[in-house]
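Colleague: Please place the sequence and the model before us. I should like to discuss the packing and the confidence in turn.

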Amino acid sequence: MSAPHLPKVAGIDPEVPVSTHTAAPLREVPAAPGAFIQDRLAGWVSDLTTLHELTERLAGTTTLDAALNELLHAGAALVGARRGLLVLEPADHGTPSTTLGLGLSHADLGHLETVERGATALGRVLEGVPGTADGIASPDLLGDKDLDPRHREVATRLGYAASYALPLASEQAGRLGGAAWLYDEPGEPSEKQRHLVGLYARYATEHLARLIELERARADVATVAEELLPSRLPRIPGVQLAARHRTGPRGGGDWYDALPLPEHTLGLAVGSVGGSGPSAMAAMGRLRASLRAYAVMEGEDPVAVLSDLELLLRLTEPARTATALFAYCEPAARKVVLAGAGHTPPLVLGERRCEFVETTLSAPLGMLACWEAPSVEFSPAPGETVLLYTDGLLRRTGDPMDRAFARLHSAAASVPKAGRHDPAAVADHVLRTMLPDGLDRTDSAEDVVILAAHFD
C-alpha cells in the first residue's frame with residue numbers, strides 16, 4: 001500500500017520521502033504537512049524563475065517585431081499550446097494594425113480573418129467586451145452548439161479544438177491588442193497557467209508600449225531626414241541618377257544632393273556632419289542648403305565651392321566638423337571635376353574597369369584655419385557609373401577601413417552586366433552586398449548614402 005498521493009505543483013511531485021531518522025522501518029507514514037508546503041514553495045520558485053527568464057528574454061528585444069514574436073512563443077509555453085496568433089491594435093490608432101501567427105501560415109491567418117470578429121474570443125478581447133479583461137477560455141469549440149458556423153468551419157479546417165484569448169492591456173499603456181493560443185485537442189489552461197501568462201502579458205504590454213513609442217520616434221526622425229534631402233533627382237541629358245539613403249534610429253548627418261546647373265551641367269554632392277540626432281540633422285540641412293547656393297554661383301570650380309562652405313562652417317559653427325565631396329559634371333562631354341574635404345573617394349564602374357578615383361588627401365571642413373585642396377578631373381567612358389557614398393557604408397560593415405574599401409570594390413565589381421546600365425540596380429546591388437542580412441536596416445548610429453551617376 002502506498003502513501004496518499006498529493007497533487008503535483010509546477011510539474012514537481014509533492015511526495016517527499018520520510019527521513020529514516022524519524023520513521024519506523026516498514027511502517028507507512030503519511031507525508032507531513034510541512035513537506036507539502038515545501039513542495040508548494042518549490043513550485044512557486046520554479047514558476048517565478050520561469051517567468052523571470054521569459055521576461056528577461058522579452059526585455060532583450062529592441063524591435064517591435066522581435067518583441068511580438070517573443071511574446072507569442074513565451075505565451076504558448078506558459079499555457080501549453082502549440083499555435084497562436086497576436087493582433088497589435090493600439091487604441092490610439094497611431095500605429096498600423098499588425099497580425100502575427102505562431103505555427104500558422106499566411107493562408108491560415110487569412111481564413112481566421114474571415115470569421116466575424118465578435119464570434120471569436122480574440123475578437124471580443126480586441127473589442128474590449130466587458131468580462132474579457134482576465135482572458136477567455138474556449139475549452140471545447142467544436143462541442144459548443146452556439147459556435148458561429150463560419151468559426152466552426154475554420155476551426156475544423158485548421159485543426160484546432162480549443163483556444164485561450166488574453167488582452168494585451170495595462171492601466172498605464174491602455175489597450176494595445178490581444179493574443180490567442182490554439183489547442184489541437186479540447187482543453188484549457190489551469191488557474192496557475194492563467195495567472196502566470198497574465199503577469200507576463202501585463203509586463204509585455206508595457207514593453208510593447210515603449211517599443212511602439214520608439215518606433216514612432218524613429219519614423220518621425222526618418223521622415224525629417226528624408227525631407228531634408230532632395231525630393232526627386234533631376235533629369236539631365238546624358239546621365240541617369242539614383243540614390244539610396246539609410247538613416248540611424250536617432251537621425252544622422254549624412255546627406256547627398258544633385259542639382260541642375262546652367263548649360264545642361266550637373267552638380268553632385270555627398271557629405272557627412274559629425275554627430276547624430278536633431279542637432280546633426282539640422283546642421284546637415286544648413287550645410288546642404290549653403291552648398292546649393294555656392295554651387296549655383298561657382299559650381300564649375302568645386303574647390304571654390306568647398307572653400308566657401310568651409311568658411312561658412314568655421315564662422316557659424318566653429319565646434320562642428322564635416323566632410324564633403326562636390327563634383328561638377330558635363331554629361332555631354334563626359335567630364336567630371338571634383339574636390340573632396342576629408343571624404344571617401346568615388347568609385348568608377350564600367351565594362352573595362354572598376355577603380356577608385358585618386359583624390360588629393362585633405363582635411364575635413366572645420367579642422368583647418370583655411371581649407372583648400374586641388375581638384376581632380378576625369379572622364380567616365382560611355383556606359384560607366386560613378387559611385388559617390390559616405391563612410392557610413394564602410395563603417396556599418398564592422399570591418400577595418402582598408403578591408404571595407406576592398407569589400408566595396410568587390411561589391412561594385414560583382415554587379416551583374418545586365419544591371420550595370422541602371423544606376424538604381426548598381427546602388428541596390430552594392431548596398432545588399434556590403435550590408436547583407438538586414439545590416440542596412442539595423443540600429444547602427446552610422447548613416448548610409450549612395451549616389452550613383454550613370455553616363456550614357
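**Packing and confidence**

Colleague: Leaving aside its neighbours within four places in sequence, which residues is Leu 291 in contact with?

Modeller: This is a predicted model, in which local features need pLDDT (the predictor's confidence in each residue, from 0 to 100) of at least 70 and side-chain atom pairs count only at pLDDT 80 or more, while totals for chains, interfaces and linings use all residues. Residues are numbered from 1 along each chain as its sequence is written, and side-chain values use heavy atoms, with hydrogens and water left out. With contact taken as heavy atoms within 4.5 Å, the partners of Leu 291 beyond four places are Trp 255, Ala 269, Val 305, Leu 306, Leu 309 and Phe 326.

Colleague: Does Leu 291 count as buried or exposed, and why?

Modeller: Leu 291 lies in helix H7, where helices (H or I, at least four residues) and strands (E, at least two) are DSSP runs numbered from the N terminus. Buried means under 20% relative accessible area, exposed over 50% and partly exposed in between, for a 1.4 Å probe and protein chains only. Because its relative accessibility is 0%, Leu 291 counts as buried.

Colleague: Which strand gives the largest share of the largest nonpolar core?

Modeller: A nonpolar core is a set of buried Ala, Val, Leu, Ile, Met, Phe, Trp, Tyr and Cys residues joined through side-chain atoms within 4.5 Å. The largest one has 48 residues, and those with the most contacts inside it are Trp 255, Leu 268, Leu 291, Leu 306 and Phe 326. Its largest share, 7 residues at positions 322-330, comes from strand S9.

Colleague: How many residues has the other core, which lies apart from it?

Modeller: Among its members are Leu 58, Ala 76, Leu 86 and Leu 166. The size of this other core is 33 residues.

Colleague: How is the arrangement of H7 to H8 classed, and why?

Modeller: Axes are lines fitted to C-alpha atoms, for helices over the stretch in contact, and angles run from 0 to 180 degrees between N-to-C directions. Helix H7 (residues 278-298) and helix H8 (residues 302-316) pack at about 140 degrees, with axes 9 Å apart. Angles under 35 degrees count as roughly parallel, over 145 as roughly antiparallel, 65 to 115 as roughly perpendicular and the rest as oblique. The angle of H7 to H8 therefore makes the pair oblique.

Colleague: Which residues of H8 make the contact with H7?

Modeller: From H7, the contact is made by Leu 287, Ser 290, Leu 291, Tyr 294, Ala 295 and Glu 298. On the H8 side, the residues are Ala 304, Val 305, Leu 306, Asp 308, Leu 309, Leu 312 and Leu 313.

Colleague: What is the C-alpha to C-alpha distance between Arg 314 and Leu 365?

Modeller: Arg 314 has its place in helix H8 and counts as partly exposed because its relative accessibility is 30%. Arg 314 and Leu 365 are 51 residues apart in sequence, yet in space their C-alpha separation is 8.0 Å.

Colleague: Over which residues does pLDDT stay under 50?

Modeller: For the chain, the mean pLDDT is 86, and 86% of residues reach 70 or more. Where pLDDT is low, the predicted coordinates should not be read in detail. The model has 28 contacts beyond four places in sequence for the stretch where pLDDT stays under 50, residues 1-26.
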